[in-house]
Amino acid sequence: MAEAIRLPLLSDTMTEGKIVAWNKKIGDLVKSDDAIAEVETDKATMEVLPPTDGTLLYIAANVGESVPVNGIIAIIGKPGDDFEHLLPTNISPTVTATVEVAPLPVAPAIVAEAPNVILPLPSSTITDAKTVEMPLLSDTMTEGKIVAWHKKIGDTLKSDDIIAEVETDKATMEIMPYVDGTLLYIGVEEGQAAKVNQIIAIIGKPGTDITPLLHPASAPVATNSTIPTDAPDAPATTPIADAGSAHDDLGRVKISPLARMLAESKHIDLRTLVGTGDGGRIVKRDIENYVPPATVVPPAPITMPAQAIQAPVASEPIRNVELPVMASATATLPDAVHTDIPVTQMRKIIAQRLSDSMFNAPHFYLTMQIAMDNLLQGRKDINKTSAVKISVNDMILKCCAMALQKHPQVNSSWMGDFIRQNHNINIGMAVAIPDGLVVPVIKNANKKSLSEIATDATE
């Protein structure tokens, strides 16, 4: 059954996203962790992943076009699936490309002749339910914690109802189902975390069998599948589709931004990875399925002090020596002397980012002493006539921006195997909040006046 891919809410302030690039074309086979498109939001450029495996049947927005949140950007399904009913009334389905489908073999008339074929369940048991996965709500998010469920199993939902609140590494955001139906299943309890794309709920018609959605391995096999009786046993390991070299012609690692971020957070050496994406590209599933090579540590040799192995002197008789009584291993231990406090997603990511910054990026430090007397006096003079109050922090932001404009080499980012020199000068401003730390960005700070910087910083 065809399924619409809608533009997700990728930040708490996002209202629409612009399609920067399509990584797939109509007719391509895609997997649930393939990045089919790149979308530019008000915060960053992020990847869009399809909810399921299938064939890309339809693309609703061209590169450069903007799509509102929850708007359809593509449709995925099986070749030949009817998807016209999913399209908005103002869009003609004729813009889609035709996907050639080979005729399927006729199903056997007698099941006994094909004992390995299981009759499918009625279509209503699968097509009348839809999974709700944990969405990618920020470019650095790997999991989200369920803060609260606003609906319970059995409730009737509309597509724009808020069913849950999710805490990410940036903020607490709301989850909508995007379809009408009844809440049939809740997969993650309040206070627990779910990985991105993990099923957190299922919505559909009352009475729908959701087992095939929760356990895809037990899903029925279509009767029109041809299963040769003399086929050899499947190999123990799953073959890698479209596997190739994980390096391009220039020797750079071919890896998606999300996979690179996950690899850095887990301190995985990219040279040890084999990509299973298109052309050997390393994708998210390669990081999740990575198994570090086993290392064997030889046991340390046991050495005895020389005096411990000396023979006793024969001329001296061995006296009875009273040894001190050792404490019993079963002695009562003192009460716990510490308290474990669970951290929020934000604090967990802050700790992870600080570690990544310290260990994964080259560091150098510059120290200067600056006399601020003239700046402080200048601030007083400016604030006498300025409609916006200028702070010392605003003036330091402007100074940093002008310094980066004068020395563009400093305005660079370490990307693992190359250095990216940025053309825009955007200054991050660390702000402490009760639950952690956020870093709002003053964009194009070198082109803004002190009043504009002060206004942006206040907002």
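A residue is taken as buried when its relative accessible area is under 20%. By this criterion, 31% of the 459 residues of the chain are buried in the present model, which is a predicted one. The secondary structure of the chain amounts to 8 helices and 22 strands. Where contacts join residues at least 6 apart in sequence, 59% of them connect residues at least 24 apart.

One open sheet is built from 4 strands, which are arranged in the order β1-β8-β6-β3 and pair in the antiparallel sense. The edge positions are taken by β1 (3-6) and β3 (29-30); each of these has a single partner strand, so one side of each lacks a neighbour in the sheet. Within the sheet, strands β6 and β8 run antiparallel and are joined by 4 bridges. Tyr-58 of β6 has Ile-75 in β8 as its bridge partner. Strands of a sheet pair through backbone hydrogen bonds, in either a parallel or an antiparallel arrangement.

Strand β6 also contains Leu-57. With a relative accessibility of 4%, Leu-57 falls under the 20% limit and therefore counts as buried. The C-alpha atom of Leu-57 lies 8.3 Å from that of Asp-28, although 29 residues separate the two along the chain. Tyr-58 is likewise buried, its relative accessible area being 1%. In a regular strand, side chains alternate between the two faces of the sheet.

Tyr-58 further takes part in an aromatic pair, of which the structure holds 1. The ring centres of Tyr-58 and Phe-83 are 5.8 Å apart and the ring planes stand at 40 degrees, so the pair is classed as tilted. This class covers plane angles that are neither under 30 degrees, which would count as stacked, nor over 60 degrees, which would count as edge-to-face. The pair links distant parts of the chain, since Tyr-58 lies in strand β6 (residues 54-59) and Phe-83 in the loop between β8 (72-77) and α1 (124-127), 25 residues apart. Phe-83 has a relative accessibility of 12% and, like Tyr-58 at 1%, counts as buried.

Strand β10 (residues 143-149) pairs with two further strands, β15 and β12. Of the 7 residues in β10, 6 are buried, so this strand is largely enclosed by the rest of the structure. The antiparallel pairing of β10 with β15 (residues 193-195) extends over 3 bridges. In this pairing, Lys-145 has Ala-193 of β15 as its bridge partner. Strands β10 and β12 (residues 164-167) also run antiparallel, and 4 bridges join them. Here Ile-146 stands opposite Val-166 of β12.

Among the helices, α7 (residues 392-406) and α8 (residues 450-458) have axes that come within 9 Å and cross at roughly 115 degrees. The crossing of α7 past α8 is right-handed. On the α7 side, the contact involves Asp-394, Met-395, Leu-397 and Lys-398, which meet Leu-450, Ile-453, Ala-454 and Ala-457 of α8. Classified by residue type, this contact comprises 6 nonpolar and 2 charged residues, with no polar ones.

Note on methods
Residues are numbered from 1 along each chain as its sequence is written. This is a predicted model: local features need pLDDT of at least 70, side-chain atom pairs count only at pLDDT 80 or more; totals for chains, interfaces and linings use all residues. Side-chain values use heavy atoms; hydrogens and water are left out. Buried means under 20% relative accessible area, exposed over 50%, partly exposed in between (1.4 Å probe, protein chains only). Helices (H or I, at least four residues) and strands (E, at least two) are DSSP runs, numbered from the N terminus. Two strands pair if DSSP finds at least two bridges between them. Rings of Phe, Tyr and Trp (its six-membered ring) pair if their centres lie within 6.5 Å; planes under 30 degrees apart count as stacked, over 60 as edge-to-face and the rest as tilted. Axes are lines fitted to C-alpha atoms, for helices over the stretch in contact, and angles run from 0 to 180 degrees between N-to-C directions. A crossing is left-handed if the near helix is turned anticlockwise from the far one by less than a right angle, and right-handed if clockwise. Contact means heavy atoms within 4.5 Å. Ala, Val, Leu, Ile, Met, Phe, Trp, Tyr, Cys and Pro count as nonpolar, Asp, Glu, Lys and Arg as charged, and the others, Gly among them, as polar.
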